[in-house]
Amino acid sequence: PEKGDVAKMSVGHFDFLLVSTIMVLQCITGTSLQRTVETVSGYGARLTYSTVCSMVMKVLRRIHDALDSILLDRVKADNYLGIDEVCARVFIRGSDRRAVKMKYCWTMYAHNLRLVYHRYEDGSRSTEVLKSMLEGWEGVFQSDMAAMYKKFLDDTGDGDRVKRLACLAHVRRWLRKALLFEGADSDCARLLDDIHDIYEFERTYRALGLTPEEIRKRRDTEVRPILEAFHARVVRCLNDPDKKDQDMLLKALGYAQAEYDGILRYLDDGTYQCDNNKVENSHRGIALGRHVYYFFGSERSAEYHMTLFALVESAKMHGLDLKDYIANIVYDVCCLNKSGEECLHLLPDSWESFTQPEARESIVAEYYEKMLEKTRKPPS
C-alpha cells in the first residue's frame, strides 16, 4: 500500500493511520497544533489548523459515544475501586462573558482489572455525580476524607454493600505539612516514622511476590501493632495541653484519628492498598495538561477527552503499544462504525488476548488491500 490511500470514514475522507497519528500527537503527547500540522505535512498531508481541530473533536466524540458506557460498566465489575478528583481548566462561553475556569474531573481506578475511568460532568464534584457513576455497584472504594464521600455513604445507608478505605498517604501529607510549618515536634516525627515503617513492610511484600493471603497474615502480625501504637500516640497528642497552640498539628492529628478506622480496614484483605496513590497517578495526564495545553476549549471537549485519556492510561497499565492501540480504535469505531458490545474487545484488559500483533498487522493489510481494489476499479 502506498502512502496517501484514504478511507471513507464517518469523520471525513482521511487515512485512519493518519488520523490516529494526529490523535496521539494532539491528545496524548500534548504536541502543539502548529507542530502537529508540520509533522503530518512531512507525510504529504496538507491540513489546515481548523481541519485538524474538527477532525480531533469528531473522533473524540465517536470514541466517547462508543466506549464510555462500556468502559464504566467494565470498571464497575471490579469490587475494589480507587476514587479521586482532579482539577482541569475549561474555557466557558457564557452569554455575557467568556473565561477559563477551574473545574473538576472524576477518576475511578479498578485495582483488580487495572482499568481507569474518567468523567467530566459540568465540572462538578458533587455527591450526585458520584451516585450516578456508582449506581448499583457493591464493593470497597478508597478515597480521601472529602465531604461528598461521607455523604455518599450516608445516603447509601448499607454499610455491608459499600465500604470505604482511607488513604494513609493523605495522613502523611497532613503530618508533613504540620512539621514543615510549625517546626520540629518529636511526636509528629515519631508518627511519620510509624508510617514510614508501614510503607517499608508494603515494599517488602511486593518484592517477595507474596500472595494476597500471605500479605494479609503478615500485615496482621507486623502492620497492625504499628497502627495501634500510631493511634494511641495520636489520641495522647490530641489530649496534650502543651499542643493546644499548634493548630496545624492538631488538624493533622484530628484527620488521622477520623481516618483510623478506614486505614485499619485495609488489613482485612491482602489485595487492598494502604493508600490511593494508584488512582492519583492515573489522572496525572489530566493534571499535566494544565501546563501543556493549558485548558479544554469547551465543556463538551473536556467530556469527550476523558474517555480517550482513560483508555490511554488503562492501555499503559496493560503494556499496550499506544500508537497501535489508538489506530485500531479509530479503525473499528470510525471506519467500521462499531459501538456498544461490538467494542468490548477494544477495552485494554481484553485487548491482550483478543488481538495479537499478527492479527493487528493483518487488519491493516486487509484494510489497505480493500482501498487499493477501489482505486483499481475503472470509473463508471
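Helices here are DSSP runs of H or I with at least four residues, numbered from the N terminus, and the model you have open is a predicted one.

**Start at T127**

Select T127, which is found in helix α4, the run of residues 127-133. With a relative accessibility of 8%, T127 counts as buried, because the cut-off for that class is under 20%. Show its surroundings, leaving aside residues up to four places away in sequence, and you will find T127 touching M148, K151, F152 and D155.

**Move to the sheet**

Next, colour the strands of the open sheet, in which five strands follow the order β5-β4-β3-β6-β7 with mixed pairing. The edges are held by β5 (115-119) and β7 (162-165), each of which has a single partner strand, so one side of each is left without a neighbour in the sheet. From one strand to the next, the twist averages 30 degrees.

Now select strand β3, residues 80-93, which is mostly covered, with 10 of its 14 residues buried. On one flank, β3 is joined by 13 bridges to strand β4 (residues 98-110), and these two strands run antiparallel; to see one position in that pairing, pick D84, which stands opposite T107 in β4. β3 also pairs with strand β6 (residues 139-142), here in the parallel sense and over three bridges, and L81 has F141 of β6 as its bridge partner. Continuing outward, β6 and β7 pair in the parallel sense over four bridges, and the bridge partner of Q142 in β7 is L165.

**Add the helices that lie on the sheet**

Display helix α5, residues 147-156, which packs on the sheet and touches β3, β4, β6 and β7, its direction making about 155 degrees with that of β7. Then add α13, which lies across β3, β4 and β5 and runs at about 170 degrees to β5.

**Look at the rings**

The structure holds eight aromatic pairs. One of them is formed by F91 and F295, a tilted pair with 5.9 Å from centre to centre and 35 degrees between the planes. F91 lies in strand β3, whereas F295 is in the loop between α12 (284-292) and α13 (299-317), so the pair ties together parts that are 204 residues apart in sequence. F295 itself counts as partly exposed, at 32% relative accessibility. For a grouping of several rings, select W106, F141, Y149 and F152 together, which form one aromatic cluster.

Two rings with a charge over them can be picked out as well. The charged end of R172 sits over the ring of Y199, 4.4 Å from the ring centre, while the charged end of K177 sits over the ring of W174, at 5.3 Å from its centre.

**Finish at α1 and α3**

Finally, select helix α1 (residues 16-28) together with helix α3 (residues 49-76), which pack at an angle of about 95 degrees with their axes 10 Å apart. That angle makes α1 roughly perpendicular to α3. At their contact, V19, I22, M23, Q26 and C27 in α1 meet V52, M55, V56, V59 and L60 in α3.

While α3 is still highlighted, pick R61, which has its place in this helix and is partly exposed, with a relative accessible area of 38%. Adding L308 lets you follow a link across the sequence, since the C-alpha atoms of R61 and L308 are separated by 9.8 Å although the two residues are 247 residues apart along the chain.

Definitions and conventions: Residues numbered from 1 in each chain as written. Predicted model: local features only at pLDDT ≥ 70, side-chain atom pairs only at ≥ 80, totals over all residues. Heavy atoms only, no water. Buried < 20%, exposed > 50% of the residue type's maximum accessible area, 1.4 Å probe, protein only. Pairing = 2+ DSSP bridges. Phe/Tyr/Trp six-rings, centres within 6.5 Å; stacked < 30°, edge-to-face > 60°. Lys NZ or Arg CZ within 6 Å of the ring centre and 35° of its normal. Axes fitted to C-alpha atoms, helices over the stretch in contact; angles between N-to-C directions. Parallel < 35°, antiparallel > 145°, perpendicular 65-115°, else oblique. Contact = heavy atoms within 4.5 Å.
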